[in-house]
Amino acid sequence: MEANNRGTGRLPAAFLTPGSSSFMDFLGAHSPEMLPGNRRLPEGVVEAPHGTTIVATTFPGGVVLAGDRRATMGNMIAQRDIEKVFPADEYSAVGIAGTAGLAVEMVKLFQLELEHFEKVEGATLSLEGKANRLSTMIRSNLGMAMQGLAVVPLFAGWDEGKEKGRIFSYDVTGGRSEEHGFAATGSGSIFARGSMKKLYRPDLTEEQATTLVVQALYDAADDDSATGGPDLYRHIYPIVTVITDEGFRRLSDEESQELARTVTNRRLEQPDGPRAALL
């Protein structure tokens, strides 16, 4: 029967009968070798491009998730215009930091996981449930992480039940923490977080929130060589996304360019950026 299925191009019955609302469980049962954490690595030292830095901040109408565009491999720039922020579904998004290839593959698997659940159950997961599913996926990659191929994303979305934007951060073991106000991950996160700590306010408008994340990425690039700042000559600007009760929206190239140019022009007057009041 299996041979006939192969010959005719028909899928085995197991592939047509949903046994779980989890696509990862389904894949693990039928094709475990396709899961990122089950891949066999070549012998010796593995060098792979790494993505850095992801930032997020909430505002009363939603949440902003943004990332720079640089990927590094050791002390080399591997790519100048990598995509690091992706929609997970209509009301959530993931920003990736860590081993770029594995991270992108994990995001695609996460997108399938959420779509599979919705089709099988006829309903969408809660934002908390989505955050938990991503935690499980990161934990399954622990073997790779212990070999230096870690994936540490930032997850953000609009919580329809609580009617607000929320941010979740992770460690390499899949440990999940909810962040309040703002968050950052990746090699430049310490500098980005320090920048946001001084500039964040709970009453930010959407425009101010998008400006804040670009300011934070600029500060991260100023002190972290692995983080890329706005590249005005190559027209490469940060990816900035906004998630509200209307869903996920990525700022257009023109909007990102305007934001980046405004921040850069102000830095000509104040190289260290805007200053917060002492008291």
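1. Two strands count as paired if DSSP finds at least two bridges between them. In this predicted model, β4 (residues 71-73) and β5 meet that rule with three bridges, and the two run antiparallel. Within the pair, A71 has Q79 of β5 as its bridge partner.

2. The β4-β5 pair belongs to an open sheet of four strands. Their order is β5-β4-β1-β8, with antiparallel pairing. β5 (76-79) and β8 (98-99) are the edge strands, each pairing on one side only. As a general reminder, strands of a sheet pair through backbone hydrogen bonds, in a parallel or antiparallel way.

3. Next, the hairpin. β13 (residues 239-244) and β14 (residues 247-250) pair antiparallel over four bridges. Two residues separate the strands of this hairpin. Across the pair, V242 faces R249 of β14.

4. Salt bridges come next. The whole structure holds 16 of them. One joins E83 to R250, with the closest N and O atoms 2.7 Å apart. E83 sits in the loop between β5 and β6 (85-89), while R250 is in strand β14, so this contact ties together parts 167 residues apart in sequence. Both ends are partly exposed: E83 has a relative accessible area of 30%, and R250 has 35%.

5. K130 and D89 form another salt bridge, at 2.6 Å from N to O. Here helix α5 (residues 127-139) supplies K130 and strand β6 supplies D89, so the pair links parts 41 residues apart in sequence. K130 is buried, with a relative accessible area of 6%. D89 is partly exposed at 22%. The cut-off matters here: buried means under 20% relative accessible area, so D89 does not qualify.

6. Is the D159-R166 salt bridge made by buried or exposed residues? D159 is buried, at 9% relative accessibility. R166 is buried too, at 3%. Their side chains meet at 2.6 Å, N to O. The pair is part of a network of salt bridges that links E128, D159, R166, R176 and E178.

7. Which residues gather in a patch of negative charge on the surface? They are E90, E118, E160, E163, D245 and E246. E160 lies in the loop between β9 (154-159) and β10 (164-170). E163 is found in the loop between β9 and β10 as well. Both count as exposed: E160 has 51% relative accessibility, and E163 has a relative accessible area of 60%. For E160, the call rests on a cut-off of over 50% for exposed, so a value of 51% passes.

8. Two backbone angles deserve a look. E163, a member of the negative patch, has phi near 55°, which is positive in a residue other than glycine. H235 also has a positive phi, near 60°, and it too is a residue other than glycine. H235 is placed in the loop between α8 (206-223) and β13. With 52% relative accessibility, H235 counts as exposed.

9. To follow the chain around β14, start with R249, which stands opposite V242. Then take R250 in strand β14 and its partner E83, in the loop between β5 and β6. From there, β5 leads back to the open sheet, where β5 is an edge strand.

Note on methods. Residues numbered from 1 in each chain as written. Predicted model: local features only at pLDDT ≥ 70, side-chain atom pairs only at ≥ 80, totals over all residues. Heavy atoms only, no water. Patch = residues over 30% accessible without salt bridge, like charges linked within 9 Å, V, L, I, M, F, W, Y side chains within 5 Å. Areas by Shrake-Rupley, 256 points an atom, 1.4 Å probe, with all protein chains shown as cover. Salt bridge = Lys/Arg side-chain N within 4 Å of Asp/Glu carboxyl O. Lys, Arg positive; Asp, Glu negative; His and termini not counted. Charge placed at Lys NZ, Arg CZ, Asp CG, Glu CD. Buried < 20%, exposed > 50% of the residue type's maximum accessible area, 1.4 Å probe, protein only.
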